Amino acid sequence: MQVFVAGGTGVVGRAALQAMIEAGHRVRSSARGQEKADLVRRLGADPVDVDLDDGAGLRQAIAGSDAVVRLTTKIPQPMLKMRSPAAWRETNRLRTAGARRLVDAAIAARVPAYIHESITFVYADGGDQWLDEDARVDDGGTEILRAALEGEREAARFSDAGGRGIVLRFGAFYGPDAPSTAETVAMARRRILVQIGPGSSYFSSVYVSDAARAVAAALGAPAGIYNVCDDTPVTFAEYLDTVAMAARAPRPRRLPVVLGPLVFGVAWKYLARSQRVSNGRLKSVSGWAPAVGSVADGWPMVLSRLGPEHR
């Protein structure tokens with residue numbers, strides 16, 4: 001397939017370019033500026049200098065593609081900025097208006113398939129129950145999650161226009177190339193990575209390379225929504241203990257639930273939910289499966305692959 005990727009220079013985007021190329025696809029990626037263009041070439045893809053806000057330019061860029069993949073986000077860095085709604089404005093815009101322009105261009109160019117990056121945080125609290133793609137979603141009153149669900153509707157609009165619109169709801173990313181991962185290790189060692197309340201809510205993650213392979217696998221999937229996460233979600237307390245053990249850090253401090261909004265800000269609206277997410281649907285239609293089945297395996301791998309300054 002000929003694939004156009006919007007957002008191929010981000011953490012997941014870089015890994016996804018490689019995964020799709022290894023799967024035999026011909027890949028082009030948006031890349032503004034010489035530095036990003038050189039990066040895309042090193043990864044084996046062809047860079048396209050296109051303004052993602054330019055509808056006419058997008059139509060030209062994606063012409064002849066068999067699939068368009070949207071991996072455009074701008075997650076707030078450092079992680080402490082995630083507490084503020086203002087820090088999410090650009091990511092919200094990319095998930096909504098940005099997705100709308102991509103879908104408009106893909107429909108106009110008669111591209112057969114569109115893949116849209118989303119997040120598992122949109123699910124309502126499920127307690128101990130497994131959550132598949134038919135589980136109830138809840139924006140929780142936050143602009144972040146409303147934007148995520150609005151973006152998903154763009155993929156549905158693409159399907160309504162006769163194409164294959166595919167939504168990938170990813171668990172929380174982690175991996176040696178993700179800035180947030182190195183930051184999490186540093187926070188654990190400084191004991192500012194804290195547990196709020198009992199930590200009994202389930203938390204679903206995905207190793208970056210597994211997320212990337214899921215993007216490649218989804219190119220042949222039927223239209224619909226698919227969860228992309230590891231096989232074994234853990235409680236948040238177990239997650240924090242796993243990080244601390246891998247980082248050779250003390251066990252995280254435990255704070256009362258009432259401090260959740262103060263510590264996590266707007267992110268507490270969804271971090272407080274229990275989300276034990278199932279990846280069975282994508283496995284059944286594509287043959288994809290995570291190589292890293294649990295954070296119990298993944299976080300030690302991360303620490304072994306981080307640079308010496310983080311070990």
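L271 is a good place to start in this predicted model: beyond its neighbours within four places in sequence, L271 is in contact with F121, F203 and F264. L271 also belongs to the largest nonpolar core, where F121, Y239, Y270, L271 and W299 touch the most other members. From there, the points below go through the cores, a buried loop residue, helix α3 and a pocket.

**The nonpolar cores**
- The largest core has 39 residues.
- Elements giving two or more residues to this core are α5 (143–160), β8 (172–174), α6 (179–189), α8 (236–246), α10 (268–271) and α12 (295–305).
- Helix α8 puts in the largest share, with six residues.
- There's also a second, separate core of 36 residues, and its members include A67, L71, F170 and V206.
- As a general backdrop, nonpolar side chains in soluble globular proteins tend to be buried together.

**A124, tucked into a loop**
- You'll find A124 in the loop between β5 (113–119) and β6 (130–131).
- A124 counts as buried because its relative accessibility is 5%, and the cut-off for buried is under 20%.
- Leaving out neighbours within four places in sequence, the contacts of A124 are L131, R136, V137, D138, R273, S274 and Q275.
- R253 is another matter: A124 and R253 sit 129 residues apart in sequence, and their C-alpha atoms are 27 Å apart in space.

**Helix α3, end to end**
- At the N-terminal end of α3, D54 acts as the cap, with a side-chain oxygen 3.2 Å from the backbone nitrogen of A56.
- Within α3 (residues 55–62), the buried residues include G57, L58, A61 and I62.
- These four cover an arc of only 120° around the axis, so they lie on the same side of α3.
- Among the elements covering the buried residues of α3 are β1 (2–6), β2 (26–30), β3 (46–48), β4 (67–70) and α4 (89–108).
- After α3 comes G64, which has a positive phi, near 85°.

**The second largest pocket**
- This pocket holds about 240 Å³ of space.
- It has 14 lining residues, and the ones closest to its centre are A15, Q18, D177, V208 and S209.
- Two helices, α1 (11–22) and α7 (208–218), are the elements that give two or more residues to the lining.
- Helix α1 supplies the largest share of that lining, at six residues.

Conventions
Residues numbered from 1 in each chain as written. Predicted model: local features only at pLDDT ≥ 70, side-chain atom pairs only at ≥ 80, totals over all residues. Heavy atoms only, no water. Core = buried A, V, L, I, M, F, W, Y, C linked by side-chain atoms within 4.5 Å. Buried < 20%, exposed > 50% of the residue type's maximum accessible area, 1.4 Å probe, protein only. Contact = heavy atoms within 4.5 Å. Arc of directions from axis to C-beta. Polar contact = N/O pair within 3.5 Å; in protein donor to acceptor, adjacent residues only side chain to side chain. 1 Å grid on protein atoms, 1.4 Å probe; cavity = no way out; pocket = protein on both sides within 12 Å on 5 of 7 lines; lining within 4 Å. Points joined across faces, edges and corners; volume = space filled by probe spheres on them.
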